[in-house]
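Me: I would like to go through this model step by step, with the reasoning set out for each answer. Could we begin with the terms that the answers will need?

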Amino acid sequence: MSTASVQRKKIDPKTLVPQHLPTGPVAEKPQPPSVLPDDALHILIAKRAYELYTVRGAGQGSALDDWLQAEREIMRPDHA
């Protein structure tokens, strides 16, 4: 039975460190957009749906009905 010898390479510490670091400008984090019209509409509907929920006595099980009712009210042409 023969034994194979394993040779270990010596690691050069210089190869583990990057030779140069990027010098360009640092990328800025993107900022969230300000409230868009669609977002404003969503917020209006959500607020009205919550009002309907509280008027009903904050009972469970009618969130979709409240949301749809709020949409109808907000999207009505005569709504200002």
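Reply: Buried means a relative accessible area under 20%, exposed means over 50%, and partly exposed covers what lies in between. Please keep in mind throughout that this is a predicted model.

Me: With that cut-off in hand, is Asp66 buried or exposed?
Reply: Asp66 lies in helix H2. Its relative accessible area is 7%, and because the limit for a buried residue is under 20%, Asp66 is classed as buried.

Me: Which residues is Asp66 in contact with, leaving aside its neighbours within four places in sequence?
Reply: Contact here means heavy atoms within 4.5 Å. With the neighbours within four places in sequence left aside, the residues in contact with Asp66 are Ala49, Leu52, Tyr53 and Arg56.

Me: Which residue forms a salt bridge with Asp66?
Reply: The closest N and O atoms of the pair are 2.7 Å apart, and a salt bridge requires a side-chain nitrogen of Lys or Arg within 4 Å of a carboxyl oxygen of Asp or Glu. The pair links distant parts of the chain, since one partner sits in the loop between H1 and H2 and Asp66 sits in helix H2, ten residues apart. At 35% relative accessibility the loop partner counts as partly exposed, and that partner is Arg56.

Me: How far apart are the end C-alpha atoms of helix H1, and what span should its residues give?
Reply: Helix H1 runs over residues 37-55 and holds 19 residues, which at 1.5 Å a residue should span 27 Å. The end C-alpha atoms agree with that expectation, being apart by 27 Å.

Me: Which residues of H1 are buried, and how are they arranged around the helix axis?
Reply: The buried residues of H1 are Ile45, Ala49 and Leu52. Seen down the axis of H1, these buried residues fall within an arc of 55 degrees, so they line one face of the helix. On the other side of H1, by contrast, Lys47 and Tyr50 are exposed. The buried residues therefore share one face, within an arc of 55 degrees.

Me: Which helix do the buried residues of H1 pack against?
Reply: One of those buried residues, Ala49, touches Asp66, Trp67 and Ala70 when residues up to four places away in sequence are not counted. Taken together, the buried residues of H1 pack against residues 63-75, that is, helix H2.

Me: Which element gives the most to the largest nonpolar core?
Reply: The largest nonpolar core is made up of Ile45, Ala49, Leu52, Ala70 and Ile74, five residues in all. H1 and H2 each supply at least two residues of this core. With three residues, the element that gives the most is H1.

Me: How many salt bridges does a search of the whole structure find, and which residues are linked in a network?
Reply: The search of the whole structure finds three salt bridges. In one of them the side chains of Glu51 and Arg48 meet at 3.0 Å, N to O, and both residues lie in helix H1, three residues apart, about one turn of the helix. In another, the side chains of Glu73 and Arg48 meet at 2.5 Å, N to O, a pair that links distant parts of the chain, Glu73 being in helix H2 and Arg48 in helix H1, 25 residues apart. The count is thus three, and the network consists of Arg48, Glu51 and Glu73.

Me: Is Glu73 buried or exposed?
Reply: Among its network partners, Glu51 counts as partly exposed at 40% relative accessibility, and Arg48 counts as partly exposed at 23%. For Glu73 the relative accessibility is 15%, and Glu73 therefore counts as buried.

Me: Is the ring pair of Tyr50 and Tyr53 stacked, edge-to-face or tilted?
Reply: The count comes to one aromatic pair. The ring centres of Tyr50 and Tyr53 are 5.8 Å apart and their planes stand at 40 degrees, whereas planes under 30 degrees apart would count as stacked and over 60 as edge-to-face. Both residues lie in helix H1, three residues apart, about one turn of the helix. With its planes at 40 degrees, the pair is therefore tilted.

Key: Residues are numbered from 1 along each chain as its sequence is written. This is a predicted model: local features need pLDDT of at least 70, side-chain atom pairs count only at pLDDT 80 or more; totals for chains, interfaces and linings use all residues. Side-chain values use heavy atoms; hydrogens and water are left out. Helices (H or I, at least four residues) and strands (E, at least two) are DSSP runs, numbered from the N terminus. The expected span of a helix is 1.5 Å times one less than its number of residues. Buried means under 20% relative accessible area, exposed over 50%, partly exposed in between (1.4 Å probe, protein chains only). The arc is that of the directions from the helix axis to the C-beta atoms. Rings of Phe, Tyr and Trp (its six-membered ring) pair if their centres lie within 6.5 Å; planes under 30 degrees apart count as stacked, over 60 as edge-to-face and the rest as tilted. A nonpolar core is a set of buried Ala, Val, Leu, Ile, Met, Phe, Trp, Tyr and Cys residues joined through side-chain atoms within 4.5 Å.
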